[in-house]
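Notebook open, viewer up. I'm jotting down what I look up as I go.

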Amino acid sequence: MSQFLMPSLGADMDAGTLVEWLKKPGETVARGDIIAVVETQKGAIEIEVFEDGVLDAYLIDLGTKVPVGTPLATILKAGEAKAAAPKDVEPKDAASKKAAPKPVKTPAKKTAATSPPITQPKAKAPPPVGTRQRITPAARRQAALAGVDLATLAPGPDGIIALADLSAPTAPKSATQPAPMSDMRAAIAAAMSRSKREIPHYYLAHTIDITTAEKFVTRTNKKRTPDQRILLGALYLKAVAKALAKYPELNGHFIDGLFHGSKAAHIGVATNIRSGGLIAPAIHDVQALELDTLMDGLRDLVARVRAGRFRARELSDATITVTSLGDRGVDLLYGVINPPQVAIIGVGTAVERPWVHKSKITPRRTVTLTLAADHRVSDGHRGALFLSAVGKHLQTPEDL
Amino acid sequence: MKTNDIETALQEELRRIAPDIEISDIDKSGELREEMDIDSMDFLNLVTALGKRLKLEMPEADYPKMNSFNDMLAYLQEKTG
C-alpha cells in the first residue's frame, strides 16, 4: 500500500485546498490519471497519480487545506489486500472511512441533484464525487475571499457559477478602504519579491527580422483547417529549446546555492488568466517535439489555463520561461525570473520597420527578444550568444 | 442558415472564450481582439470553433475580414448564405 501525497505546486505555493475527488475508493487508477482537484492561489490544479493500483481510502475531507507532502489517499497495488486500517490515519477518521468509503457529507448528494442548492440543510462541503459543481476560477476566488459557501450558490442558466452569480454577498467596498490583495496577486508578489531579492538579474535585448518566420507560418497554414494551424508562438518556443542545447547554463534550477542543469527544455509559457494575474505552466521536452505536436501542446495548455485548470507537474517542472506580449503590446519586455529557474525570455510585439535587408533599406517585420538571466549561474557574454542563437534559429523556420 | 442562428453561434463561441465579457457591452464595430481582450491563440480557437460549427474553412487570408464583431458576423453570413 502506498500513500498519495499532495504534490509540489511550484515555487510560490506551499498548500492547497482539496475541492474534488475524481476517483472513488475501490476504483482502479493508472499512472497519469487525474484523481483529485486542488484549489490553489493560482486556480484549480489537477493532481495526477504516479502509479497503477486501486484507490483504497480518502485521508482528507473535501474542503480541507493541506500543505505540500500531506498524504491525501491510500492506494493499493494490484492484487494487494485492503489494509485493516491505515496506520497514519486518525482513529476517528479511519472509522468513518471504513464504514462508508465516501466523503463524510454524502447525504447532501441527493438533495444537490434534485432541489435548488439554497435549500440544502447546512451542506458545508463542496458537492461530493459525481456531481461536479461548475464554477469559474474568478467566482471560486471571490467566494473564498468573501467567505461564501459554494454549496449555497445557484448556477446561472448555463449551469456554471460565474462571478455574476455571487453578486449579492460581494457588496462594493467603500472607496476609502483599500481592497485586500487577491490570492493570485499574493502568489505573484511572493514569487517576484523573492526573485528580485535573491536573483542578481542581468538583462539583454536583441531585435531580429521575423519576416521569414511569419511567412513560413502563413505558408504552412494556407492549406490547413483552423484546428491544424500553427502560431508564431510555437516557433519561438522551439527556437529557444534548440538554442538551450548549446547554452545549458540558462536551463535548470538554482536551489540552495547550487545550479541543477536540465537536459530537457521544459518551457514555462507565461499565460494570462482572464480573471486577473498570470501563470507559467510548462510544456515538457520542447526540444524533442515536432512543431505540430508542440502547437497542439500549446493549444491544450492555453485552453486549460483559460479555464483555470492545470496539472501540478506543469507548475513545478518548468526549467525556463518564455513570456510574450502577443500582437497587441509594446516593443519589448524584460521579464522577472521565476525562481528557482535562472532565465526568462521576453518576446515583444512584432512591428514593421525600416530594416537593412540584402543591403537595401526595406520594410521588414521585426521583433525584439530579451533575456533576463541569473548572474550567479551565467554571464552576459554567454547570455548574448544564446539570445543571438535564438534569433538565428528563427531565420530558418523550416529547420525548427 | 438564419441570421439569428449565426449571431447566436458567434455569441456563444465568444462567451466560451471570454466568459467574463458581456457581449452586449462591447463596441460591435470596434476591434474584436481589443473588445474581447483575446490574443492570437484565443482568436485561433474562436475561428476553429466557428469553422467546425458552421462548416466553413475560414482561411487565414480572410482574417482581415473578421476584425470586429459586425465584420465577423457579415463574413459568416456571406459564407454560409
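Which backbone nitrogen does the side chain of D52(A) reach, and at what distance? It is the backbone nitrogen of R31(A), at 2.7 Å. I'm logging that as a polar contact, meaning a pair of N or O atoms within 3.5 Å where, within protein, one must be able to donate a hydrogen and the other to accept it, and where residues adjacent in sequence count only if both atoms are side-chain atoms.

**Ground rules**

I note that this is a predicted model, that local features need pLDDT of at least 70 and side-chain atom pairs pLDDT 80 or more, while totals for chains, interfaces and linings use all residues. Residues are numbered from 1 along each chain as its sequence is written, chains are lettered from A and ligands numbered from 1 in the order in which they are written, and side-chain values use heavy atoms, with hydrogens and water left out.

**Confidence**

I pulled the scores: ipTM is 0.92 and pTM is 0.73. Chain B averages a pLDDT (the predictor's confidence in each residue, from 0 to 100) of 92, and 99% of its residues score at least 70. Among the elements of chain B, helix 4 (residues 69-80) has the highest mean, 95, and helix 1 (residues 3-17) the lowest, 91. For the element names I use DSSP runs numbered from the N terminus: helices are H or I with at least four residues, strands are E with at least two.

**Back to D52(A)**

I find D52(A) in the loop between strand 5 (43-48) and strand 6 (53-58) of chain A. Its C-alpha atom is 4.2 Å from that of A30(A), 22 residues apart along the chain. Not counting residues up to four places away in sequence, D52(A) touches V29(A), A30(A), R31(A), L76(A) and K77(A); contact here is heavy atoms within 4.5 Å.

**Sheet and hairpin in chain A**

I traced an open sheet of four strands in chain A, order 1-8-6-3, with antiparallel pairing. Its edge strands are strand 1 (2-5) and strand 3 (28-29), each pairing on one side only. For strands to count as paired, DSSP must find at least two bridges between them. Strand 1 and strand 8 (residues 71-76) of chain A are antiparallel over four bridges, and Q3(A) has T74(A) as its bridge partner in strand 8.

Next I looked at strand 10 (residues 252-255) and strand 11 (residues 258-261) of chain A, which run antiparallel and are joined by four bridges. G252(A) stands opposite G261(A). The two strands form a hairpin with two residues between them, and D256(A) in the turn has a positive phi of about 50°.

**Backbone oddities**

Most residues other than glycine have a negative phi, and most peptide bonds are trans, so I went looking for exceptions. D37(B) has a positive phi near 50° and lies in the loop between helix 2 (32-36) and helix 3 (40-54) of chain B. P339(A) and P340(A) are joined by a cis peptide bond, omega about 5°. I place P340(A) in the loop between strand 17 (320-324) and strand 18 (343-347) of chain A.

**Where the chains meet**

How many residues of each chain are in contact? I get 17 from chain A and 25 from chain B. The two chains bury about 1,700 Å² between them, 45% of it on carbon and sulfur atoms; that is the accessible area (1.4 Å probe) lost on putting the parts together, summed over both. R229(A), R274(A) and R328(A) supply 40% of the area that chain A buries against chain B, more than any other three residues.

Six salt bridges cross the interface of chain A and chain B, the rule being a side-chain nitrogen of Lys or Arg within 4 Å of a carboxyl oxygen of Asp or Glu. One I checked is D20(B) with R274(A), closest N and O atoms 2.7 Å apart. I also get 14 residue pairs in polar contact across the interface, both residues at pLDDT 80 or more. On the chain A side, helix 5 (211-222) and helix 7 (291-306) are the elements that give two or more residues, and helix 7 has the largest share, five residues.

**Inside chain A**

E214(A) sits in helix 5 of chain A, and its side chain makes a polar contact with the side chain of R365(A) at 2.8 Å.

Over all chains the search returns 25 salt bridges. I looked up E20(A) with R309(A), closest N and O atoms 3.8 Å apart. That pair links distant parts of the chain, 289 residues apart: E20(A) in strand 2 (residues 15-21) and R309(A) in strand 16 (residues 309-311) of chain A.
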